[in-house]
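Here's a walk through one protein model, taken a piece at a time. Keep the 3D view open and follow along.

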Amino acid sequence: MPPNLSLSLTTADHDGPGPDQRWSTWPTVAKGQRGPAPRPDWVVTAAAALDTELGVLKTGKEADVFLVERAVPADPGQASLLAAKRYRTPEHRQFHRDSTYTDGRRVRRTRDQRAVEDRRSAWGRGVRATQWADAEFTTLGTLWDAGAAVPYPVQVDGTEVLMEFVGTVDDDGTAVAAPRLDRSRPAPDEAADWFEQLLATMSVLARLGWAHGDLSPYNVLVDAGRIVVIDVPQVVDLVANPAGPELLHRDCRTVCRWFAARGLAVDADEVFADLLAQAW
């Protein structure tokens, strides 16, 4: 589905949940499952809010992303758009890559770790289904706090991560998702600016000791000239994961190849060396 799909924005105007609605899940999640403070002003925390599902933003091999409006009926000042990323259980995923990215990563509770290792148990399948959602939420929060250009993570609830919707709302009330980098055709000066923005977020990751691990023009958004990196559940530790440096190098090659094809003089090996230096 194209990333610039337009969806009609609606606001709830009745007393309870209707079709494609639910009460806001904000009050039901634990404190540690909510985004970092200080929260942006647009985050709606009222218990009286309704979540209205507006359509599909993106379908993927491991998760689908939906557009959700969280709003308090009859209060236009308390309404915001969210991207709801919902991970599939392992048996329903079309892509399996856990071992490469989770090497060196531990599950917090020993019981859950044993369950993950026992792939035949129902508990283990349930834990693995939430692992990626938890990893994405936690990583987004850390990156946001560190100043990286990522969507603000609002909350995590089971296999669902609610985060900032990156895009615009037209005058007629239509929400339009920001296009992916691979769909963009920048002028030379724009390409240079976008590359520097992307490099800044890669540098934040490196200083945290991380590599994105799957960085490409398909998971970078261009929001009115602002570069935003998405899809971060597989972030790898450059020390704990033996594949970390090679995954970082691959990120550099992929990114530099795209910008070089648009006339920008960039060297993947130089970028890689600089990021490694920042990591150490």
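Let's start with one pair: proline 153 has methionine 163 in S7 as its bridge partner. S7 is a strand, and strands (E, at least two residues) and helices (H or I, at least four) are DSSP runs, numbered from the N terminus. Before going on, know that this is a predicted model, where local features need pLDDT of at least 70, side-chain atom pairs count only at pLDDT 80 or more, and totals for chains, interfaces and linings use all residues. Residues are numbered from 1 along each chain as its sequence is written, and side-chain values use heavy atoms, with hydrogens and water left out.

**The sheet around S7**

How many bridges join S6 to S7? Strand S6 (residues 153–157) runs antiparallel to S7, and four bridges join them. Two strands count as paired if DSSP finds at least two bridges between them. The hairpin of S6 and S7 has two residues between the strands, and glycine 158 there takes a positive phi near 65 degrees. Strand S5 (residues 79–87) is joined to S7 too, by five bridges, and this pair is also antiparallel. In that neighbourhood, alanine 84 stands opposite leucine 162 in S7.

Is S7 mostly covered or mostly open? Strand S7 (residues 160–164) is mostly covered, with five of its five residues buried. Here, buried means under 20% relative accessible area, exposed means over 50%, and partly exposed is in between (1.4 Å probe, protein chains only).

Now zoom out. Six strands make an open sheet, in the order S2-S3-S4-S5-S7-S6, with antiparallel pairing. Strand S2 (21–23) and S6 each have a single partner strand, so they stand at the edges, with one side left without a neighbour in the sheet. From one strand to the next, the twist averages 30 degrees. At the S2 edge, three bridges pair S2 with strand S3 (residues 50–59) in the antiparallel sense, and tryptophan 23 stands opposite leucine 50 in S3.

**Two packed helices**

Helix H4 (residues 188–207) packs against helix H5 (residues 244–260) at an angle of about 170 degrees, and their axes are 11 Å apart. That makes the two helices roughly antiparallel. Axes are lines fitted to C-alpha atoms, for helices over the stretch in contact, and angles run from 0 to 180 degrees between N-to-C directions. Angles over 145 degrees count as roughly antiparallel, under 35 as roughly parallel, 65 to 115 as roughly perpendicular and the rest as oblique.

Which residues meet? From H4 come Ala191, Trp194, Phe195, Leu198 and Met202, and from H5 come Asp251, Cys252, Val255, Cys256 and Phe259. Contact means heavy atoms within 4.5 Å.

**Two buried residues**

Leucine 221 lies in strand S11 (residues 220–223), while valine 72 is in the loop between strand S4 (63–71) and S5. Here is how buried each one is:

| Residue | Relative accessibility |
|---|---|
| Leucine 221 | 10% |
| Valine 72 | 12% |

Leucine 221 and arginine 180 are 41 residues apart along the chain, yet their C-alpha atoms are separated by 4.3 Å. Beyond its neighbours within four places in sequence, leucine 221 touches several residues, including Val166, Ala178 and Ile230. With the same kind of neighbours left aside, valine 72 is in contact with Val44, Ala46, Ala48, Ala49 and Gln78.

**The whole chain**

The protein chain has six helices and 13 strands. Of its 280 residues, 51% are buried.
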